[in-house]
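Trainee: I'd like a close look at one part of this structure, taken slowly. Could you pick one helix, go through what packs against it, and then move on to the charged pairs?

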Amino acid sequence: MPAIRVRDVRIGHGSRILGEAATFEIRHGEVFVILGGSGCGKSSLMKNIIGLYRPLSGDIQINGRSIVSASPVEKARLQRRLGIMYQSGALFSSLTVLENVRFPLDQFTDLDLEEKNLTARLLLAQVGLSGSEALMPGELSGGMLKRASIARAMALGGDILLLDEPSAGLDPVNAANLDRTILNLRDLLGLTVVVVTHELQSIFTI
């Protein structure tokens with residue numbers, strides 16, 4: 001059973017059609033790239049996969065269960081298998097790096113504060129951000145923002161990680177470092193990784 005199965009999916013907004021008959025499967029442990037130029041619908045397809053948008057037609061399955069026809073409770077359960085990093089990073093500017101990574105644990109678990117802080121620190125260590133816990137998002141470089149966002153995306157222990165333009169806006173050195181981090185996380189944690197990008201060098205690397 002594939003991690004993600006997309007079947008005859010049509011995406012768009014109202015009368016504007018962005019994609020027709022998208023059909024593909026993503027295997028467990030695979031790095032899968034959704035490639036295309038700006039405005040072609042890559043991010044919209046990702047938002048359909050995670051259930052933020054609903055496709056105009058077709059079906060999307062997460063580990064064999066349809067996220068399109070799922071009940072609200074089942075949909076929420078499926079979505080917790082997914083970790084999402086948005087292009088901007090989307091960190092809360094009023095929270096520290098540690099608090100940002102801990103946020104999903106605060107919202108969706110009954111762990112005590114010490115356990116949540118420990119988990120957040122371990123996640124930050126996995127993305128190379130040990131020592132940044134007390135920093136605010138405004139104090140981070142672009143590459144550090146992306147890494148912190150990836151750590152937060154993994155907070156609930158989902159096995160599928162979706163990254164929207166992870167290398168966008170980064171210089172070549174930071175982009176290459178982030179690519180290596182993505183591969184290390186895939187190998188270390190056995191993650192399935194879906195990358196939305198138009199960066200050809202990153203594609204060849206990952």
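Mentor: Here is a walk around helix α3 and its neighbours, followed by the salt bridges and a few backbone oddities.

Keep in mind that this is a predicted model. Helix α3 covers residues 97–108, and one of its partners is helix α5, residues 142–153. Their axes lie 7 Å apart and make an angle of about 30 degrees. Angles under 35 degrees count as roughly parallel, so α3 and α5 are roughly parallel to each other. The handedness of that crossing is right-handed. If you want to find the contact on screen, look for V97, N100, V101 and P104 on the α3 side, and for A148, A151 and R152 on the α5 side. Sorted by class, that contact has 5 nonpolar residues, 1 polar and 1 charged.

Now turn to the other partner, helix α4, which spans residues 113–126. Here the angle with α3 is about 120 degrees, and the axes are 9 Å apart. That makes the pair oblique. The crossing of α3 and α4 is right-handed. From α3, the residues that touch α4 are V97, L98, V101, R102, L105 and D106. From α4, they are L113, K116, N117, T119, A120, R121, L123 and L124. By class, the contact of α3 with α4 counts 8 nonpolar, 2 polar and 4 charged residues. Notice V97 and V101: they appear in the contact with α5, and they appear again in the contact with α4.

Two of those α3 residues deserve another look, R102 and D106. Their side chains form a salt bridge, with N and O 3.2 Å apart. Both sit in α3, 4 residues apart, about one turn of the helix. An α-helix has 3.6 residues a turn, so residues three or four places apart point the same way. As for cover, R102 is buried, at 15% relative accessible area, while D106 is partly exposed, at 28%. So this bridge has a buried arginine and a partly exposed aspartate.

That brings us to the charged pairs elsewhere. Side chains of opposite charge can pair when their charged atoms come close. The count for this model comes to 10 salt bridges. One of them joins K42 and E165, at 3.6 Å from N to O. K42 belongs to helix α1 (residues 42–49), and E165 to the loop between β7 (160–164) and α6 (172–189), so the bridge ties together parts that are 123 residues apart in sequence. Which way do the two ends go, buried or exposed? K42 is buried, at 7% relative accessibility, and E165 is buried too, at 4%.

Stay with E165 for a moment, since its backbone is worth a glance. Most residues other than glycine have a negative phi. E165 has a positive phi, near 50 degrees, in the loop between β7 and α6. The salt-bridge partner of K42 therefore combines a buried position with that positive phi.

D8 makes a useful companion example. Its phi is also positive, near 50 degrees, and it isn't a glycine either. D8 is found in strand β1, residues 4–13, and D8 is partly exposed, with 48% relative accessible area.

The helix that holds K42 is worth a look as well. Helix α1 is mostly covered, with 6 of its 8 residues buried. The buried ones are K42, S44, L45, M46, N48 and I49. After α1 comes G51, with a positive phi near 85 degrees.

To finish the charged pairs, go to R27 and E30. Their closest N and O atoms are 3.4 Å apart, which makes a salt bridge. R27 counts as exposed, at 56% relative accessibility, whereas E30 is buried, at 18%. There is also a network of salt bridges, linking R5, R7 and E25.

So, when you go back to the model, start at α3 and look at its roughly parallel partner α5 and its oblique partner α4. Then follow the R102 and D106 bridge along α3, and end at K42 and E165, where the bridge ties α1 to the loop between β7 and α6.

Conventions. Residues numbered from 1 in each chain as written. Predicted model: local features only at pLDDT ≥ 70, side-chain atom pairs only at ≥ 80, totals over all residues. Heavy atoms only, no water. Axes fitted to C-alpha atoms, helices over the stretch in contact; angles between N-to-C directions. Helix = DSSP H or I, 4+ residues; strand = E, 2+ residues; numbered from the N terminus. Parallel < 35°, antiparallel > 145°, perpendicular 65-115°, else oblique. Left-handed = near helix turned anticlockwise from the far one by under 90°. Contact = heavy atoms within 4.5 Å. Nonpolar A, V, L, I, M, F, W, Y, C, P; charged D, E, K, R; others polar. Salt bridge = Lys/Arg side-chain N within 4 Å of Asp/Glu carboxyl O. Buried < 20%, exposed > 50% of the residue type's maximum accessible area, 1.4 Å probe, protein only.
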